[in-house]
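Visitor: I would like a walk through this model, with the reasoning behind each label. Please set the values against the cut-offs.

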Amino acid sequence: MDRQGNTYTFLYASVMVIVVAAILAFLAQSLKPFQDENAAVAKKMDILKSVQIESTAADAEEKYENYIGENAFVINVNGEKVEGDAFTVDMAKEVKKTGLDRAYPIYMCKLDNGQTKYIIPLRGKGLWGPIWGYVSLDEDKNTVYGATFGHKGETPGLGAEITTDMFQKPFTGKQLFDQSGAFSSIEVVKKGQSQGDLHKVDGISGGTITSVGVGTMLKDCLTGYEKFLKN
Amino acid sequence: MSSEKEALFSAKNLKLITTPLGAQNPITIQVLGICSALAVTVKLEPAIVLSISVTFVTVFSNLIISLLRNTIPSRIRIIVQLVVVASLVIIVDQVLKAFAYEVSLQLSVFVGLIITNCIIMGRLEAFALGNKPWPSVLDGIGNGAGYGFILIVVAFFRELLGTGFLTLPGIGAMQIIPDVFYEWGYANNGFMILPPMALVVVGIIIWVQRSRNKDLIES
């Protein structure tokens, strides 16, 4: 067959694509269990980090059992416990539902000093893709104890800075409810404008859309917990 | 084609490995693949992992393209090369996600960007399309190693001077500069962590290399 002809070229391209697709599909399927396992460990590390417990991939499992273990449950918008395993709730699916139908996972963590913290998972949109995080609250269910954020593909050096301590640390001590007891969430504002405000934190210069995304995510995900948090 | 068989590691073949390490180094001489050299050299560990990944991709893409070289229709050869490189990169990405999850998070987009690393396509076009599989494999090892070598040297200095630590795969962070030094007034150079210093370190390597080997100096 003429190696430079159209027929040969088309055939060559088609066969190549099918072969490559088959190889990659097989590989992706066979590696999936390992990847899921890693993702679960990473999730536990994230959850622990929101209550300021540092862990590594090796001891995350053990520490999670220690501090949280079975103390995780799912509630509905009225603050009542419902069936379900908090850890396996797929937040990506939940945030697409309306606030009334969502499952709201919550993790209770007993720290070494006897304090109980409430950890709430978050999920929202950044600039390029999904962002997520965990925010932990003190026993008063109002004051933020810690927050941690992750992202799929925000710009390194700009939006991706939401994963740094510099961005996350200021959340500690902020409050979800204002003095009259109304839910006000925490807003991410332009750098330097958050001083002294209990409901605002500094955003990232150059990462405005991601910063605002974090604020929107907090509001969107925390609103449904209002009844639970007020009890 | 000559009928006599060439030894696997003949002088000519070994040269394929050694020249990219020195006189034909992809980063310092050909100035290819600079972007990733700047981005992942903050710590030693991701630099080592990326070096291994790139070497894997250069070796196997060279091998596959060399095996296919007589069948590839010349009009779509770039596309064929891209498909091969992209598939190998996806394999690397998936394997890292399964077995080196944290490193894969650190490398994030840079694993995917191996596809666009000019070294790989450059070697496919310049070497694998016109040579037999074995020399192509050696050429891949040489260029991957030449790239990785520079990456590791740069990362070594940046992490050591920037943080006082060195991170190795499987071992984790080790403090290299003892606490006593800090008590005596030594301070980490935070500037080393920032991207511009990667460029400066690469520049210093290029300078040292050219001052030792005058042949490399362009007139």
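Guide: We start with burial. A residue is buried if 20 or more other C-beta atoms lie within 10 Å of its own, exposed if 12 or fewer, and partly exposed in between. Keep in mind that this is a predicted model.

Visitor: What makes A:Ser185 count as buried?

Guide: A:Ser185 has 20 C-beta neighbours inside 10 Å. The cut-off is 20 or more. Therefore A:Ser185 counts as buried.

Visitor: Where does A:Ser185 lie?

Guide: In the loop between helix H4 (165–168) and strand E7 (187–189) of chain A. Its backbone deserves a look too. A:Ser185 is not a glycine, yet its phi is positive, about 60°. Most residues other than glycine have a negative phi.

Visitor: Why is A:Lys141 called partly exposed?

Guide: Around A:Lys141 there are 15 other C-beta atoms within 10 Å. Buried needs 20 or more, and exposed needs 12 or fewer. The count of 15 falls in between, so A:Lys141 is partly exposed. A:Lys141 also has a positive phi, near 55°, and is a residue other than glycine. Its place is the loop between strand E5 (130–137) and strand E6 (144–151) of chain A.

Visitor: How much of chain A counts as buried?

Guide: Of its 231 residues, 31%. Chain A has six helices and eight strands. Their order along the sequence is α-α-β-β-α-β-β-β-β-α-β-β-α-α. Along the principal axes, the C-alpha atoms of chain A fill a box of roughly 80 × 40 × 35 Å. Among the contacts in chain A with a separation of 6 or more, 50% join residues 24 or more positions apart.

Visitor: Now the two chains. What makes H1(A) roughly parallel to H4(B)?

Guide: Helix H1 of chain A covers residues 6–50, and helix H4 of chain B covers residues 77–99. Their axes come within 8 Å and cross at roughly 15°. Angles under 35 degrees count as roughly parallel. Therefore H1(A) is roughly parallel to H4(B). The crossing of H1(A) and H4(B) is left-handed.

Visitor: Which residues make the contact of H1(A) with H4(B)?

Guide: From H1(A), they include A:Met16, A:Val20, A:Ile23, A:Leu24 and A:Leu27. From H4(B), they include B:Val80, B:Val83, B:Ser87, B:Ile90 and B:Ile91. By class, this contact of H1(A) with H4(B) has 15 nonpolar, four polar and one charged residues.

Visitor: How many residues of chain B are in contact with chain A?

Guide: 17 residues of chain B, in contact with 19 residues of chain A. H4 and helix H5 (101–107) of chain B each supply at least two residues of the side that touches chain A. H4(B) gives the most to that side, with 10 residues. The side of chain B that touches chain A divides into 11 nonpolar, three polar and three charged residues.

Visitor: How do you know that the span of H4(B) agrees with 1.5 Å a residue?

Guide: H4(B) has 23 residues, which should span 33 Å. Its end C-alpha atoms are 33 Å apart, so the span agrees.

Visitor: What do the buried residues of H4(B) pack against?

Guide: They pack against H1 of chain A, together with helix H3 (44–68), H5, helix H6 (109–112) and helix H7 (118–126) of chain B. Among the buried residues of H4(B) are B:Val84, B:Val85, B:Leu88, B:Val89 and B:Val92.

Visitor: Why are H3(B) and H8(B) called roughly antiparallel?

Guide: The axes of H3(B) and helix H8 (residues 133–163) of chain B come within 8 Å and cross at roughly 165°. Angles over 145 count as roughly antiparallel. Therefore H3(B) and H8(B) earn that label. H3(B) passes H8(B) in a right-handed crossing. The residues of their contact divide into 17 nonpolar, 10 polar and two charged.

Visitor: What makes H8(B) oblique to H10(B)?

Guide: The axes of H8(B) and helix H10 (residues 195–212) of chain B come within 10 Å and cross at roughly 120°. Roughly perpendicular runs from 65 to 115, and roughly antiparallel needs over 145. The crossing angle fits neither label, so H8(B) is oblique to H10(B). This crossing of H8(B) and H10(B) is right-handed. Its contact includes B:Ile150, B:Val153 and B:Arg158 of H8(B), and B:Met197 and B:Ala198 of H10(B). By class, the contact of H8(B) with H10(B) has nine nonpolar, no polar and one charged residues.

Conventions:
Residues numbered from 1 in each chain as written. Chains lettered and ligands numbered in written order. Predicted model: local features only at pLDDT ≥ 70, side-chain atom pairs only at ≥ 80, totals over all residues. Axes fitted to C-alpha atoms, helices over the stretch in contact; angles between N-to-C directions. Helix = DSSP H or I, 4+ residues; strand = E, 2+ residues; numbered from the N terminus. Left-handed = near helix turned anticlockwise from the far one by under 90°. Contact = placed C-beta atoms within 7 Å. Nonpolar A, V, L, I, M, F, W, Y, C, P; charged D, E, K, R; others polar. Expected span 1.5 Å × (residues − 1).
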